[in-house]
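I opened the model to go through its aromatic contacts, its main pocket and a few backbone oddities. My entries follow in the order I looked things up.

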Amino acid sequence: MPFPPSAEPSAAFRFARNALDRRAELRDDAATIEAAWAAASARVFVLDGGRAIVRRGEDGGTSAAHDAATATALAGGATTRLFLGTADDVAWFALAANDFEEREDAPFHAVDLRSLAIEGSLPEDHYGALATARGLLHWHDGHRFCARCGAASQIVSAGWKRVCPGCGAEHFPRTDPVVIMTIERNGRCLLGRSPHFREGMWSCLAGFMEPGETIEAAVRREAREEVGVRIGRVTYFASEPWPFPGSLMIGARAEALDDELIVDPVEIAAARWFDRDEVRQLLDGGHPQGLHAPPPIAIAHHLLRRFVDGA
C-alpha cells in the first residue's frame, strides 16, 4: 500500500507515513491471525509506554521490527498482542512490554518515539505504523474495564475492540482530535508558549476538539479562550497522527479579525505576533534571541513553513 500522493501536505509528516494495509476483514478470523503470527516473516513492534524497543546494530543501524520470538522475549512473555495489518504480504503486530530492562551488554534499547522520529533512523514507512501501535496500546491500557458496568473487558478482533462479558457492551479504539493553527493578520502570525515547552520554543496554538464541534468552531473557540482573538475564515491544511499518546493533529489556517491579545495564563505562558522574517528565523535556527520553532516531525513546523512561503 503506497504512501499518500506526494501532493498531499500530510505526506511530508513523518508519523503520517504508513505503508500498512490494515486488513480489517481479517481481524475476526482467529485462525488466519494465528497463522500470520506463526509465520517466519511476521514482524513485531514492542512498546514500553511511549518508548519503542529497538535494536542498535554495530554498524549504527536501528530497527524497531522484530521477529515474533524475539519480540515475545523482549515483551516479557504473555502480553497484549495487536494485529496492525500487512505490507507486501508480511503481517505486522504490536506487543506491550512488561517492565523492560536494558542491559549494557545487549543491543536492545528503549527509545522514545519523539527521539526516533527526530533522528530519522528507521525506515520511513515504520513511523506511521508505530503511531498506530502506540495509540492502540495506550487505549487498551486505559480501557481495561467497561465504562458502562465496570467489569473487566476482553480484547477481541485482534486488538481492535473490547467486549464486556458482564453487560455485552462493545468498546472501540478512539483517537483524540486536536486543532492546531496559524493565526494570521496583516502579514503576521500569532504564536504561543505552553508552560511545558522547553526554553525558547514558540509554536502554533492548539487544543482538543469538543463534542459537537466542527474543526472551524474548535479553532475559533481555542483562539478566543487562549488569547482572546476573534477568528474569521478558517481553512484546512493537513493532518498528522501524533502518538503522544494518541492524537490526530488537524492543521488549519485562521484569519484573525483583531490583534489585541488577552492571554489565559493557565493555558498559555506567553503569546505574541511574529512577522514572516522572524518566523523564518525560528524555523532556520537563526533567531537573534535564540528562539526556535518545533522540529520538522511536527505539523506545526510545516504550518509555519507554509506561512513563511506565503502559500
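**Aromatic cluster**

I find Phe15, Tyr127, Trp242 and Phe244 linked into a cluster by ring pairs. I note at the outset that this is a predicted model. My search of the whole structure returned nine aromatic pairs. I took up phenylalanine 15 and phenylalanine 244: their ring centres are 5.8 Å apart and their planes stand at 80 degrees, so I logged the pair as edge-to-face. This pair links distant parts of the chain, with phenylalanine 15 in the segment before α1 and phenylalanine 244 in the loop between β13 and β14, 229 residues apart.

I then looked up a further pair, tryptophan 242 with phenylalanine 244, which is also edge-to-face. Its centre-to-centre distance is 4.7 Å and its planes are 70 degrees apart.

How buried or exposed are these rings? I checked the residues in turn. Phenylalanine 15 has a relative accessible area of 2% and is buried. Tryptophan 242 is buried as well, at 15%. Phenylalanine 244 comes out at 26%, which makes it partly exposed, because buried requires under 20%.

**Cis bond**

I checked omega after phenylalanine 244. The peptide bond from phenylalanine 244 to proline 245 is cis, with omega near 5 degrees. Proline 245 sits in the loop between β13 and β14.

**Arginine 14 and arginine 114**

I looked up arginine 14, which lies in the segment before α1 (30–38). Its relative accessible area is 19%, so I count arginine 14 as buried, the limit being under 20%. What does its side chain meet? I find a polar contact of 2.8 Å between the side chains of arginine 14 and glutamate 124. Leaving out residues up to four places away in sequence, arginine 14 touches Ala117, Ile118, Gly120, Glu124, Tyr127, Gly128, Glu240 and Ile297.

Arginine 114 is in helix α3. I have arginine 114 as partly exposed, with a relative accessible area of 37%. Beyond its neighbours within four places in sequence, arginine 114 is in contact with Trp242, Phe244 and Ile297. I also took a C-alpha distance: arginine 114 and phenylalanine 15 are separated by 9.9 Å, and lie 99 residues apart along the chain.

**Largest pocket**

I computed about 960 Å³ of space in the largest pocket. Elements giving two or more residues to its lining are α3 (113–119), β10 (176–185), β11 (188–193), β12 (205–208), α5 (215–227), β13 (231–242), β14 (247–256) and α7 (299–309). Which element gives the most to the lining? I find that β12 does, with four residues.

The lining has 36 residues, and His196, Phe197, Ala206, Trp242 and Met249 lie nearest the centre of the pocket. I sorted the lining by residue class and got 20 nonpolar, seven polar and nine charged. Tryptophan 242 thus turns up both here and in the aromatic cluster.

**Helix α7 and cysteine 189**

I went through α7 residue by residue. Nine of its eleven residues are buried, so α7 is largely enclosed by the rest of the structure. The buried residues are Ile299, Ala300, His301, His302, Leu303, Leu304, Arg306, Phe307 and Val308. I find them packed against β10, β11, β13, β14, β15 (270–275) and α6 (276–284). Just after α7, glycine 310 has a positive phi of about 70 degrees.

I picked cysteine 189 in strand β11 as a check on that packing. Cysteine 189 has 0% relative accessibility and so counts as buried. Residues up to four places away in sequence aside, cysteine 189 touches Thr182, Ile183, Arg272, Trp273, Phe274, Val279, Leu304 and Phe307. The C-alpha atoms of cysteine 189 and valine 279 are separated by 8.0 Å, with their positions 90 residues apart along the chain.

**Positive phi outside glycine**

I looked up two such residues. Aspartate 89 has phi near 65 degrees and lies in the loop between β4 (81–87) and β5 (90–96). Aspartate 89 counts as exposed, at 76% relative accessibility. Asparagine 186 has a positive phi of about 55 degrees and is placed in the loop between β10 and β11. Asparagine 186 is exposed too, with a relative accessible area of 65%.

Conventions
Residues are numbered from 1 along each chain as its sequence is written. Side-chain values use heavy atoms; hydrogens and water are left out. Buried means under 20% relative accessible area, exposed over 50%, partly exposed in between (1.4 Å probe, protein chains only). A polar contact is a pair of N or O atoms within 3.5 Å; within protein, one must be able to donate a hydrogen and the other to accept it, and residues adjacent in sequence count only if both atoms are side-chain atoms. Contact means heavy atoms within 4.5 Å. On a 1 Å grid over the protein atoms alone, a cavity is a set of points where a 1.4 Å probe fits but cannot get out, and a pocket is an open set with protein on both sides within 12 Å along at least five of seven lines; lining residues have an atom within 4 Å of a point. Grid points are joined across faces, edges and corners, and a volume is the space filled by probe spheres set on the points. Ala, Val, Leu, Ile, Met, Phe, Trp, Tyr, Cys and Pro count as nonpolar, Asp, Glu, Lys and Arg as charged, and the others, Gly among them, as polar. Rings of Phe, Tyr and Trp (its six-membered ring) pair if their centres lie within 6.5 Å; planes under 30 degrees apart count as stacked, over 60 as edge-to-face and the rest as tilted.
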